[in-house]
Amino acid sequence: MAGSYICFYVAEAIFAASGVMAVVTMGMFLCMTFWTVSADQNVFNGTWHALEWCFNTVLFQMAGLIIADQFINGYRRDNANTKGCQALFEAARALDDGKSDLLRVYDPKILEMIGEGILLYLFALVIRSIIVALFFPLLQRLGYGITWQGAVVATWGGLRGAVGLALAIVMQSELKYKSSSLDADEAERLQLDGMRIMIFVAITALFTLLINATTTGPIVRRLGLTAIPKVELKAMSNVRRSLQEHSEPNPNPDPNPNP
């Protein structure tokens, strides 16, 4: 964990590069080289999977809080920089008491971004299907090869989640930090750009988790990718019959077996 944080800090603060991508690259490198000095691979995997679940939960919660804060309070100069989350809780309390109307506190630009994000999600599906179709002849001849059923699953099952949200949060925070030293109009433009990135990535991650992820299983079963091939079924039948023949006693043993 210390190595991950150090890698992120060095990439962001010293080299002005993407800390998230630096950590991902470090993970790929360690996956190829680190197992030779790891004491217990199973314990190592279990520990990091548990940490991954915790950090993903925090990451998605942070994304939701950021979007909710900006959606309710908008980019009003009197609220966004002075009250922060306090304004969010005040607006939520007013809604709960029936003293406020949500339509009077949201920023219409946020709704516009949400609509654009939905269109972007649909456009990403189209682009992914075009890319898979273009490279389908090559993918058929590489590795284990790919069938048209596998191409359909690859097109529909391309999920976007934690890494994209982490990059979006970093971009949103950096643009907000840069806007503090600019004039009001330019600062608002940068903050809107950061919020636009945040909403686009969050909507893509949300829709792929709610739609693509939940329907991939039925699609895989419908395409027959989980069915056992007939050759394997025949081999299993032969093995089962052979085991029965060797395990069950012979009802008519030979009275004069050869010595």
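This passage describes the pockets, salt bridges and a nonpolar surface patch of a predicted model.

The largest pocket encloses about 1400 Å³ of space. Its lining comprises 30 residues. S4, V23, V24, W48 and F55 lie nearest the centre of this pocket. Four helices each supply at least two lining residues: helix 1 (2–14), helix 2 (19–33), helix 3 (41–73) and helix 8 (162–179). Helix 3 makes the largest contribution, with 11 residues. The lining is made up of 23 nonpolar, 6 polar and 1 charged residues.

The second largest pocket has a volume of about 220 Å³. F60, A63, G64, I67, I114, L165, I199, A202, I203, A205 and L206 line this pocket. Helix 3 and helix 9 are the elements that give two or more residues to this lining. Helix 9 gives the most, with 5 residues. By class, 10 of the lining residues are nonpolar and 1 is polar, and none is charged. Glycine is counted as polar. G64 therefore falls in the polar class of this lining. Helix 3 thus appears in the linings of both pockets, with at least two residues in the largest pocket and two or more in the second largest.

Salt bridges were examined next. Side chains of opposite charge can pair when their charged atoms come close. The model contains 4 salt bridges. R189 takes part in a salt bridge with E186, with the closest N and O atoms 2.4 Å apart. Both residues lie in helix 9 (residues 184–222). They are 3 residues apart, about one turn of the helix. R189 is partly exposed, at 41% relative accessibility. E186 is also partly exposed, because its relative accessible area of 26% lies between the limits of 20% and 50%.

R189 also meets D193 in a salt bridge, at 3.1 Å from N to O. R189 and D193 are 4 residues apart in helix 9, so about one helical turn separates them. D193 has 25% relative accessibility and counts as partly exposed. D193 pairs in turn with R196, at an N to O distance of 3.0 Å. R196 and D193 both belong to helix 9 and stand 3 residues apart, again about one turn of the helix. R196 is partly exposed as well, with a relative accessible area of 28%. Through shared partners, salt bridges join E116, E186, R189, D193 and R196 into one network. Within this network, R189 bridges to E186 and to D193. D193 is likewise bridged to R189 and to R196.

The surface also carries a nonpolar patch. This patch is formed by L120, F123, V126, I127, I130, I131, L134, F135, L138, L139 and L142. Together these residues have about 980 Å² of accessible area. L120 lies in helix 6 (residues 108–140). L120 counts as partly exposed, at 37% relative accessibility. Patch members need over 30% relative accessible area, so the value of 37% for L120 meets this cut-off.

In brief, helix 9 holds the R189 pairings with E186 and D193. Helix 9 also gives 5 residues to the lining of the second largest pocket. Helix 3 supplies 11 residues to the lining of the largest pocket.

Definitions and conventions:
Residues numbered from 1 in each chain as written. Predicted model: local features only at pLDDT ≥ 70, side-chain atom pairs only at ≥ 80, totals over all residues. Heavy atoms only, no water. Patch = residues over 30% accessible without salt bridge, like charges linked within 9 Å, V, L, I, M, F, W, Y side chains within 5 Å. Areas by Shrake-Rupley, 256 points an atom, 1.4 Å probe, with all protein chains shown as cover. Salt bridge = Lys/Arg side-chain N within 4 Å of Asp/Glu carboxyl O. Buried < 20%, exposed > 50% of the residue type's maximum accessible area, 1.4 Å probe, protein only. 1 Å grid on protein atoms, 1.4 Å probe; cavity = no way out; pocket = protein on both sides within 12 Å on 5 of 7 lines; lining within 4 Å. Points joined across faces, edges and corners; volume = space filled by probe spheres on them.
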